Amino acid sequence: MKFFVWTIAALAFLCSPLAYAQPAQEQAPQLDAQSLQEEQGPVRVMQILVEGNQRVEADTILSYMLVRPGDAADPRLINLSIQTLFATNLFADVRVGIEGSTLIIFVRENPVINRVVLEGNRAVSDSRITDEIQLQPRALFTRARVQADVQRILEVYRRSGRFAVQVNPQIVELPQNRVDLVFEISEGPTTGVRRINFVGNRAFSDRRLRGEVVTSEARWWRLFNSNDNYDPDRLEFDRERLREFYADRGYADFRVSSAIAELVPDQSGFYITYTVDEGQVYNFGEITVTTEIEDLSSEYLEAIVSTRPGSLYVGSRIEESVDTLTFAAGAAGYAFVDVRPRVRTNRETQTVDIEYVINPAPRVYIERIDILGNSRTLDRVIRREMELVEGDAFNQVLVNLSRQRVRRLGFFENVEITPVQGSSADRARLQVNVTEQPTGELAFGVGYSSTDSFLVDFSVSERNLRGRGQFLRLRVSESSRRRQIDIRFTEPRFLDRNLAAGFDLFQVRSNFSREASFETESTGFSLRTGFPLTASVEGGLNFTLRNDEVRTFAGVSSAIARASGSRLTSLVGYSVAWNRIDDFRRPTNGFQLNLNQELAGFGGDVRYVRTEGRGAIYRNVFRPDIVLSLTGETGLILGWGGDDVRINDRFFKGGNSFRGFETAGIGPRVVQRNAEGQLIRGDALGGNFYAIGALELGFPLGLPEQYGVRGSVFTEFGTMGVLPSVDQIADVGGTTSPFTIDELAPRVSVGVSIFWDSPFGPVRFDFAEAVVHQEYDRREFFRFSTSTGF
């Protein structure tokens, strides 16, 4: 028989199971060369036909054939051609037959996947699985690829702690040789860690060591914690955590002999056992620094390393010392030094000798500075913050300072400056890699007080206008008692100099009828400049011209009535700011001090001097994500030239400036007594002096970091007062005569705040209770605010 029976091939096609390309089919069928020779003798191929192809062109198939028309039908070449066609992964079956002098190639193409469907997955999202698997719509279906994707899905679930998962692939045949691929997933229960045991530990208890590893034992209250699921990769990370823990406590020989995870028979949990060998406690022995670089003194370098002879061996200090030596070499202009610690352990004396070897390197100069990742911000906005330019000698101190300056712009989520080898050994390129973040903000705030007072605040701002570093803000604040419209613009590099300049246009209408029985409307503008005085100190000048109109209600006290009318205010002021915080938006270490002073009277109708100062200190405590802050601010305003300070120019504190009290909730006030002798609150008069401090501890709430939820506890304390004598009303007794109370009495509040980086922007909740207050103060318990970036 010279031709394969096509009926057999068709039956094999129709009877093939789920995956068309069974292993036997994926291997090229071998042509029976001996029978062909015996029955037919040498056959010369005059024509080659292709049958069964639907998408693949016949010419494409013929291009893989090693036999051409006119060639002898060599079975070896034909078999090799079949293997080549299978290797393309385009075909589920390839068969060859000969009829006379015609070579017929029958192919069955692999189906095309129409869509990939996931069924039964509830704990793991579709996107998380589809990101892992390789088969996608319009890809070719093969059994091998399906099985590979099954293993990938199993791995995704195992990383999520589900080891009892089962994945069953199914296909649905469609016309035109297409299929729908369906992965039926039976997730099974979460495979948690039932118990973590330690064997061989003597110096530290099991409980202490469990606190050092990331993997935790499954408990019902850990609703938002996924670390209690078994993860083999996390197990390896925990081994390293244990090594670092012991190494920082003097155990230089510590090692984890084994880490075994045993799955219980019902596949519902794991028992993890770490076998450890603690070894002995070591101290640092001889500490030396060896260098052939003449500009680096070995004596000086030995003095700055953090490892000290005779002290307890701490493994992390070796890495700290390497970083310190690398930084010192970089500060001297050697960017690519190689610092290698040579560690020698002496078990007899239980000491560890460290020799830091600094391999020689030439002094390096900056060849080029490359800015990467700034898709929106202009290069020159970043370059003008750099303390180094092309041609300068490399200096690690200036590199770090440049990174801080670029971060302080507030335009980037992450900033990294990395030196890379230049065109020669003494040349380096600085790669400034930035990750841009939203600099626009669409913000609104809502305030609530115990007397049902609401405030809505709306603003649109852009801190990096057109990528030029310019600031522009439009703000509208509206409530039943206040309306504010202002436009602010700042150019950080006016006339391409290190000089910031800007202006403000504003109109503010305030109804203080509930607080102080008067209304004000201020309309005007201000001009501002800012300039650096030192690397961390900035100065500024400002001029403001505004018209203030005060309207009072009938029956108000003389302290308020004398402010009635319209007056022009001309202000000239200056400011000084000393800033040494580590992060502009969320400081964790450092301090900042600010001083502002304004003088009114050069032109205009009012005369006074106003001085305000503010300071803040931030420190990490216990952990890097726990921050303790102490802030304080004070202010004093005094009239001059025979003028007394009007009520609309005084300080009013409370609300955001003193949590636990309403706006204008503290300070001097007009009061009177009722028949029982109790004080009845009247109008707030503001104060010429205030001092307020706050102590706050910020910390994570134990939820996963991606939730963006933090909390803080705080206490605020302060006072306000000092009215001019003309505005003070004496207490003459009785129940109908109002009088003023002007006491620098202390106020204290305590409370908690919750911060949430929600999908629509940061949200803040404040709950505060005034624990020390005066009878006439106005208090507030809850405040809420939010904003969103774009």
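What percentage of the 790 residues in the protein is buried? Buried residues make up 43% of them, where buried means under 20% relative accessible area, exposed over 50% and partly exposed in between, with a 1.4 Å probe and protein chains only. This is a predicted model, in which local features need pLDDT of at least 70 and side-chain atom pairs count only at pLDDT 80 or more, while totals for chains, interfaces and linings use all residues. Residues are numbered from 1 along each chain as its sequence is written, and side-chain values use heavy atoms, with hydrogens and water left out.

**Overall make-up**

- The protein has 14 helices and 34 strands; these are DSSP runs numbered from the N terminus, with at least four residues for a helix (H or I) and at least two for a strand (E).
- Of the contacts in the protein with a separation of 6 or more, 60% are between residues 24 or more positions apart; contact means heavy atoms within 4.5 Å.
- About 39,800 Å² of the protein is exposed, and carbon and sulfur atoms supply 53% of that area; accessible areas come from the Shrake-Rupley method with a 1.4 Å probe, and for residues only the protein chains shown count as cover.

**A sheet of three strands**

- Strands of a sheet pair through backbone hydrogen bonds, either parallel or antiparallel.
- One open sheet has three strands in the order E4-E6-E5, with mixed pairing; two strands pair if DSSP finds at least two bridges between them.
- Strand E4 (112-119) and strand E5 (166-174) each have a single partner strand and stand at the edges, so one side of each is left without a neighbour in the sheet.
- From one strand to the next, the twist averages 20°; axes are lines fitted to C-alpha atoms, for helices over the stretch in contact, and angles run from 0 to 180 degrees between N-to-C directions.
- Seven bridges join E4 to strand E6 (residues 178-186) in the parallel sense, and Glu119 stands opposite Glu184 in E6.
- Helix H7 (residues 143-159) packs on this sheet and touches E5 and E6, its direction making about 30° with that of E6.

**The hairpin of E11 and E12**

- Strand E11 (residues 338-346) and strand E12 (residues 351-359) run antiparallel and are joined by nine bridges.
- Thr345 stands opposite Val352 in E12.
- Four residues lie between the strands of this hairpin, in which Gln350 takes a positive phi near 55°.

**Helix H11**

- The 17 residues of helix H11 (residues 315-331) reach 25 Å from the first C-alpha to the last, close to the 24 Å expected at 1.5 Å a residue; the expected span is 1.5 Å times one less than the number of residues.
- Among the buried residues of H11 are Ile318, Val322 and Leu325.
- The cover over the buried residues of H11 includes helix H9 (232-247), strand E10 (283-291), E11 and E12.
- Gly333, with a positive phi near 100°, follows H11.

**Two buried residues**

- Met386 is placed in the loop between helix H12 (379-383) and H13, and is buried, with a relative accessible area of 9%.
- Met386 and Ser402 are 16 residues apart in sequence and 4.7 Å apart in space, C-alpha to C-alpha.
- Leaving aside neighbours within four places in sequence, Met386 is in contact with residues including Ile369, Ser402 and Val406.
- Arg747 lies in strand E32 (residues 747-758) and is buried, with a relative accessible area of 0%.
- The side chain of Arg747 makes a polar contact with the side chain of Asp777 (2.9 Å); a polar contact is a pair of N or O atoms within 3.5 Å, where within protein one must be able to donate a hydrogen and the other to accept it, and residues adjacent in sequence count only if both atoms are side-chain atoms.
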